[in-house]
Amino acid sequence: MRFDVVSIFPEYLAPLELSLIGKARADGLLELAVHDLRSYTQDRHRTVDDTPYGGGAGMVMKPEPWAQALEDIAAASPVKRPVLIVPSPAGEVFTQKLAYELAEEDHLVFACGRYEGIDERVLEWAAEHYTVRPVSLGDYVLNGGEVAVLAMVEAIGRLIPGVVGNPESLVEESHSDGLLEYPVYTKPSNWRDRAVPEVLLSGNHGKIAKFRREHQLRRTAARRPDLLDTLDVSNFSKTERNVLWELGYAVEQGRAVRRTGE
Ligand code: 6GU
């Protein structure tokens, strides 16, 4: 898999040389290049922004440097139609599902906007060469796309086979099955008067699996009830349905629905 990132702050992407992603690059599992948008400018001042038509606060990124950068990167692409990810609070929300989808691609290009964003015509034009996807990390505003790219490259990169040493780690983690992860514990078994739940020391793997499943459901209901609203529970066991019931949910047509005062 190949990643290209275009930014006016290439140094912001330095952490991608560290840890799991840095190791994956060194191992040749992924290729990643960071490009300075200013190197695609033509003027003496290397200008990347200008005032917005229609007025208003802030500056808008000029189209010409972006077109030059995206044209060069598309021309060198290993595929016919790379995916262009445009980090923006106005994009579709980045989820584990989207991370899995993007991990199947051979070439992802990230266009980091700053200021009030990139001239809209760049995205229209780029659709001739790329599959363009504006993507948001969530409902809050960052100053630019760089931090979002750090998050997305890590989330996508770790799904590439070989990047995470033990692929089992990807199975039982938050969002892998639409629920939050169960709580985890390590030694000592008693710490500051707090005992690890007894069942985890029992060696009874059936009981442990049941405990963990119950706590996944409890935690999801408490912290992210929105995840339960869209979850397919049609294959839930009797035990799982009983936990849902205790948490205030009935199962109707394969969905968990909040029980109202009956
Ligand atoms: Cl992807 N970019 C920016 N600039 N702000 C954000 C975001 C992305 N996601 C949430 N806020």
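In the predicted model, D177 and R213 form a salt bridge in which the closest N and O atoms are 3.1 Å apart. This pair links distant parts of the chain, with D177 placed in the loop between α5 and β8 (190-191) and R213 in helix α6 (residues 205-223), 36 residues apart. D177 counts as partly exposed because its relative accessibility is 34%, a value between the limits of 20% for buried and 50% for exposed residues.

Helix α6 takes part in another salt bridge, in which the side chains of R218 and E246 meet at 3.1 Å, N to O. Here, too, distant parts of the chain are linked: R218 belongs to helix α6 and E246 to helix α8 (residues 238-246), with their positions 28 residues apart. R218, at 29% relative accessibility, counts as partly exposed, whereas E246 is exposed, with a relative accessible area of 58%. Salt bridges with shared partners also join R2, D4 and E31 into one network. A further salt bridge brings together the side chains of E64 and K62 (3.7 Å, N to O); K62 is partly exposed, its relative accessible area being 22%. In the whole structure, 14 salt bridges are found.

The chain contains eight helices and eleven strands. Its radius of gyration is 23 Å, well over the 18 Å that the globule rule gives for 262 residues, so the chain is more spread out than a compact globule. The C-alpha trace spans about 70 × 45 × 40 Å along its principal axes. Of the 262 residues in the chain, 40% are buried.

The ligand is surrounded by P87, S88, P89, V135, S136, L137, G138, Y140, V141, L142, G144 and A148. Polar atoms of the protein approach nitrogen atoms of the ligand at several of these residues. A polar backbone atom of Y140 is 2.5 Å from a ligand nitrogen, and a polar backbone atom of L142 is 3.1 Å from a ligand nitrogen. At S136, a polar side-chain atom lies 3.4 Å from a nitrogen atom of the ligand. The ligand has 290 Å² of accessible area on its own, and the protein covers 96% of this area.

S136 is located in strand β7 (residues 131-136). With a relative accessibility of 2%, S136 counts as buried, since the limit for this class is 20%. In addition to the ligand contact, the side chain of S136 reaches the backbone oxygen of G138 at 3.0 Å. G138 is itself among the residues around the ligand.

D139 lies in the loop between β7 and α5 (146-157). In contrast to the buried S136, D139 is exposed, with 78% relative accessible area. The C-alpha atoms of D139 and Y249 are separated by 27 Å, the two residues being 110 apart along the chain.

A nonpolar patch on the surface is formed by F9, Y12, Y140, L142 and V147, which together have about 430 Å² of accessible area. Two of its members, Y140 and L142, are also listed around the ligand. F9 is situated in the loop between β1 (2-7) and α1 (19-26). The relative accessibility of F9 is 35%, and F9 therefore counts as partly exposed; this value also lies over the 30% required of patch residues.

Methods: Residues are numbered from 1 along each chain as its sequence is written. This is a predicted model: local features need pLDDT of at least 70, side-chain atom pairs count only at pLDDT 80 or more; totals for chains, interfaces and linings use all residues. Side-chain values use heavy atoms; hydrogens and water are left out. Patches are made of residues with over 30% relative accessible area and no salt bridge: like charges are joined within 9 Å, nonpolar side chains (Val, Leu, Ile, Met, Phe, Trp, Tyr) within 5 Å. Accessible areas come from the Shrake-Rupley method with a 1.4 Å probe; for residues, only the protein chains shown count as cover. A salt bridge is a side-chain nitrogen of Lys or Arg within 4 Å of a carboxyl oxygen of Asp or Glu. Helices (H or I, at least four residues) and strands (E, at least two) are DSSP runs, numbered from the N terminus. Buried means under 20% relative accessible area, exposed over 50%, partly exposed in between (1.4 Å probe, protein chains only). A residue is near a molecule or strand if one of its heavy atoms lies within 4 Å of it. A polar contact is a pair of N or O atoms within 3.5 Å; within protein, one must be able to donate a hydrogen and the other to accept it, and residues adjacent in sequence count only if both atoms are side-chain atoms. The radius of gyration is taken over C-alpha atoms; the globule rule is 2.2 Å times the number of residues to the power 0.38.
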